[in-house]
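Here is a short report for a reader new to this structure. It moves from the overall fold to the internal spaces, and then to the charged pairs.

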Amino acid sequence: MTSGRASGTRTWRAAAEAALYGPGGFYHRPEGPAGHFRTSVHASPLYAGAVAELLRRVDAALGHPAELAFTDLGAGRGELVSGVLAHCPPELAARLRPYAVERAARPAGLDERILWRDAPPEGVTGLLFANEWLDNVPLDVVEADGAGTPRLVLVQEDGEELPGDPVSGADADWLARWWPVEGAPPGSRAEIGRTRDEAWARAVGTLRAGLAVAVDYAHERESRPPFGTLTGFREGREVRPVPDGSCDITAHVALDACAGPDARLTNQRDALRALGVDGSRPPLSLASTDPAAYVRALGAAGEAGELTAPGGLGAFGWLLQPVGRECADLLPPAEKLFP
């Protein structure tokens, strides 16, 4: 990190906010997020099917209310909410209020039943699902100086970094509790997740009853990465994070810090298996009795395997936050968050 202070520098939080969501920002680009990176939603329709199964369980736990909300938070171009709606049986679809929440404009051709919002609806009952949303909530980055003091990292539009002031106040308190850096070796870095904690609490607070789920790249307090995780993505490749609107800017999420009362942490592998996503290969005998069914089942097994791979998408963290007691036990906790 270059020493000194230059004009035009900002904290990473301010720089990422402008680069991602400001005029001409990355998330307003016409190709959408899918043009640059692939999430579980894009990997297989099995993912939307599993979320639809979770929605059915929420519906049953709540006693099949007259109106049930499904809120897709960080909806991209509406891929997940569209897939969930397609998996809903007619009786449920008739009661469902599907919301897509995204700061970009509504895409053309989206199912007219889907309500496009720039913020989650308030006071609804149902399932709020945030797939890879929290990792794009901007945050500040700190780096330990030669004395082990954590200082804010400032950044210019070209990505050049400079040291800022020592961290203080609520941010220092958050670091001390969730990602201690004080006294760490020079160059050690951390990402202050307080903005994510607050954003998640606001999202959960929009539910009157039901379940909120956050799915993301994550880490736990006992194993925070010593040099942080801030990075960029462009056209399917990981790149240097540059806050000029040309690339995604993302950092893994301290889901344990986001968790509220009665929350459960699990991993995607265990969650999807509990929702019926099975990567088992079909019996070979099916190939001779029904070759077409065998090919379909083999393809589904391959997609399920990708979604649940321990070293890949299966290692994503799932934070399940119930609102009310009805939805507290819909998925079992994992024995180990990250397999």
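The protein chain has 11 helices and 15 strands. The model is predicted. Of the chain's 339 residues, 54% count as buried. Among contacts with a separation of 6 or more, 74% are between residues 24 or more positions apart.

**Helix 1 and its cover**

Helix 1 spans residues 12–21. Its buried residues are W12, A15, A16, A19, L20 and Y21. Several strands help to cover them, including strand 1 (10–11), strand 6 (140–144) and strand 7 (150–155). Strand 8 (161–166), strand 9 (189–192) and strand 13 are also part of that cover.

**Cavities**

How many cavities of 30 Å³ or more does a search of the whole structure find? The search finds four. The largest has a volume of about 70 Å³. Its lining includes W12 and A16, two of the buried residues of helix 1. Helix 1 and strand 13 (248–250) each give at least two residues to this lining. Also in the lining are D135, N136, V137, P138 and L139, along with R196, L230, I249, T250 and A251. By class, eight of the lining residues are nonpolar, two are polar and two are charged.

The second largest cavity has a volume of about 60 Å³. Its lining residues include L211, D262, R264, L320 and P322. C327, A328, D329, L330 and L331 line this cavity too. Seven of its lining residues are nonpolar, none is polar and three are charged.

**D135, a buried acid**

D135 sits in the loop between strand 5 (124–131) and strand 6. D135 is buried, yet it has no salt bridge. Which side chain of opposite charge is nearest to D135? It is R196, 6.2 Å away. A salt bridge needs a nitrogen within 4 Å of a carboxyl oxygen, so this pair does not qualify. Leaving aside residues up to four places away in sequence, D135 touches R196, D216, I249, T250, A251 and V253.

**The largest pocket**

The largest pocket holds about 760 Å³ of space. It is lined by 36 residues, and the closest to its centre are Y21, L73, G74, W133 and V137. Of these, V137 also lines the largest cavity. Helix 1, helix 2 (40–43), strand 2 (68–73), helix 4 (79–87) and helix 7 (194–204) each supply at least two lining residues. Helix 7 gives the largest share, five residues. By class, the pocket lining has 16 nonpolar, eight polar and 12 charged residues.

**Salt bridges**

The structure holds 15 salt bridges. The table shows some of them.

| Pair | Closest N and O atoms |
|---|---|
| R103 and E17 | 2.7 Å |
| R113 and D111 | 2.8 Å |
| R264 and D329 | 2.8 Å |

R103 forms its salt bridge with E17. R103 lies in the loop between strand 3 (96–101) and strand 4 (115–117) and E17 in helix 1, so the pair ties together parts 86 residues apart in sequence. R103 is partly exposed, at 43% relative accessible area. E17 is partly exposed too, at 30%.

R113 pairs with D111. R113 is partly exposed, at 45%, and D111 is partly exposed, at 26%.

R264 forms a salt bridge with D329. The pair links distant parts of the chain, 65 residues apart: R264 is in strand 14 (residues 264–267) and D329 in the segment after strand 15 (317–323). R264 is partly exposed, at 24%, whereas D329 counts as exposed, at 56%. Elsewhere, salt bridges with shared partners join E53, R56 and R57 into one network.

Technical notes
Residues numbered from 1 in each chain as written. Predicted model: local features only at pLDDT ≥ 70, side-chain atom pairs only at ≥ 80, totals over all residues. Heavy atoms only, no water. 1 Å grid on protein atoms, 1.4 Å probe; cavity = no way out; pocket = protein on both sides within 12 Å on 5 of 7 lines; lining within 4 Å. Points joined across faces, edges and corners; volume = space filled by probe spheres on them. Helix = DSSP H or I, 4+ residues; strand = E, 2+ residues; numbered from the N terminus. Nonpolar A, V, L, I, M, F, W, Y, C, P; charged D, E, K, R; others polar. Buried < 20%, exposed > 50% of the residue type's maximum accessible area, 1.4 Å probe, protein only. Contact = heavy atoms within 4.5 Å. Lys, Arg positive; Asp, Glu negative; His and termini not counted.
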